[in-house]
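Open the model in your viewer and set the protein to cartoon and the ligand to sticks. The tour goes from the ligand outward.

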Amino acid sequence: MCLKIEFYHYNQVFAGSAIEAICPDDKNVKNNVFIITGEMGFHNPSYSNGKHYTQDLTHMINVGVLGATGAVGQRFVELLADHPWFNLSTLAASERSAGKPYGKIVNWRLETPFPEKIAKIKVVPTSPKAMKDVDLVFSALPADIATGVENTFADAGMAVCSNASSHRMEPTIPLVVPEVNPEHLGLIDVQRDSGRDGFIVTNPNCSTIVMVTALAPLRKFKFTDIRVATMQAISGAGFAGVAAMSIYDNVIPYIGQEEEKMETETLKIMGTMKGNKVANASFKVSASCHRVPVIDGHSMAIWIDIKEPVEKLKKTFREYKPPIKGLPTQPEESIHFFEGEKDRPQPRLDRMRGNGMTVSVGRLREGIRFVAMGHNTIRGAAGASVLNAELITKKKYL
Ligand SMILES: NC(=O)c1ccc[n+]([C@@H]2O[C@H](COP(=O)([O-])OP(=O)(O)OC[C@H]3O[C@@H](n4cnc5c(N)ncnc54)[C@H](OP(=O)(O)O)[C@@H]3O)[C@@H](O)[C@H]2O)c1
């Protein structure tokens, strides 16, 4: 049997943590919506986004999270607990955590309530054998661990959507931002042609993704040189990352490997598919990265040598429409452009725009100079991976 539901705006349909009732004589509800009560919680309003879309529940995809207890892993759990396409069935972490119920060992540090229905899931060791009922895993593993582990999962036939940096620059592994280079998913076929059943798809480093998303509307102009100075949040370093005594009342003008990642990943993402390969973009990127005492949200000042009048660029940002649509985690606006406000974007005020998936751009002025800001553990990590997985699903790679 095929059960078809239409999802509507949060305020119209979703009450608290469950679909309590969808009433057929409600004027907001259209004909083919079933009445549903019970266990299925949809407390995450990001899956309505003010639009509606349909989902066939008989085809939910079983997914798991590797590194589920960490900073990014918890964001995955938050985003997947009520996902309309993905059924979060398995959670993995280190040997220290394996065998225990997730609710007992996780130190939940997000501002949203802990999704209680996940509490009883027993954490399993990080191995394909322990996760055999899963079609797709999201990886929030430290890079040194991810290298071998992600290959093992892909070799075992699973799709891996990874946040880790380990495989991002490998020629056959797509490094994707759906609004910027969805066509790079073609590299999945190259991986499969090499005899592997599964595949790995990566998303960029948390500051790179904010910059490339902000640059997406400007790709049609000629430029050769991008300079960027970042002001990056402390959550980017994970829970154990930066000691309070180091960051309080301070700015640290060094983040290991961050500048290199921004300078290289950008060229791959903004490169073009030529046959079975990505030809890197030919402009230069020069980055200076800094850790600042902000909890979430990476800000950056960007200079780009476009010779067009600034008014033309403003119009381009105003009119920008991303090349993809219909993905549940995709925000209403991929870019929010501040034109009138002189002092925006700001992390505290703007990081949760589009449920943390919108990149905010402002202060566009002669130079050409502007400021971009995005949530580093949502748009910059877990949300980026989930959006990639949705695109992979839509393009029928699973
Ligand atoms: N934080 C960000 O903003 C951000 C943004 C983009 C990308 N990333 C990348 O995402 C990844 C995760 O970062 P994070 O900040 O979430 O790190 P984190 O808070 O330190 O979490 C690490 C996770 O990995 C697990 N783990 C550690 N060693 C393991 C092992 N040997 N085998 C299996 N699991 C192991 C931990 O489990 P236990 O709890 O059991 O130890 C924990 O769940 C990193 O590659 C990072 O570079 C982070």
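The stops below cover the ligand, its polar contacts, its shell and the pocket around it. Keep in mind throughout that this is a predicted model.

**Stop 1: the ligand and its shell.** Select the ligand and expand the selection to residues within 4 Å. This picks up 27 residues, and T69, S94, R96, S97 and L141 are the closest. Colour the shell by class: 13 residues are nonpolar, 13 are polar and one is charged. Then show the helices: α2 (71-80), α4 (143-155) and α11 (378-394) each give the shell at least two residues.

**Stop 2: polar contacts.** Select S97, where a polar side-chain atom is 2.4 Å from an oxygen atom of the ligand. Move to G70, which places a backbone N or O atom 3.1 Å from a ligand oxygen atom. Next pick S235: a polar backbone atom of this residue lies 3.0 Å from a nitrogen atom of the ligand. How much of the ligand's area does the protein bury? The ligand alone exposes 920 Å², and 78% of that is buried by the protein.

**Stop 3: the pocket.** Hide the ligand and look at the space it took, which is the largest pocket. The volume of this pocket is about 1100 Å³. Its lining comprises 46 residues, with V72, A140, L141, P142 and G238 the closest to the pocket centre. Select α2, α4, α8 (258-269) and α11 to see the elements that contribute two or more residues to the lining. Coloured by class, the lining shows 20 nonpolar, 21 polar and five charged residues.

Methods: Residues are numbered from 1 along each chain as its sequence is written. This is a predicted model: local features need pLDDT of at least 70, side-chain atom pairs count only at pLDDT 80 or more; totals for chains, interfaces and linings use all residues. Side-chain values use heavy atoms; hydrogens and water are left out. A polar contact is a pair of N or O atoms within 3.5 Å; within protein, one must be able to donate a hydrogen and the other to accept it, and residues adjacent in sequence count only if both atoms are side-chain atoms. Accessible areas come from the Shrake-Rupley method with a 1.4 Å probe; for residues, only the protein chains shown count as cover. On a 1 Å grid over the protein atoms alone, a cavity is a set of points where a 1.4 Å probe fits but cannot get out, and a pocket is an open set with protein on both sides within 12 Å along at least five of seven lines; lining residues have an atom within 4 Å of a point. A molecule sits in a cavity or pocket if more than half of its atoms lie within 2 Å of its grid points. Helices (H or I, at least four residues) and strands (E, at least two) are DSSP runs, numbered from the N terminus. Ala, Val, Leu, Ile, Met, Phe, Trp, Tyr, Cys and Pro count as nonpolar, Asp, Glu, Lys and Arg as charged, and the others, Gly among them, as polar. Grid points are joined across faces, edges and corners, and a volume is the space filled by probe spheres set on the points.
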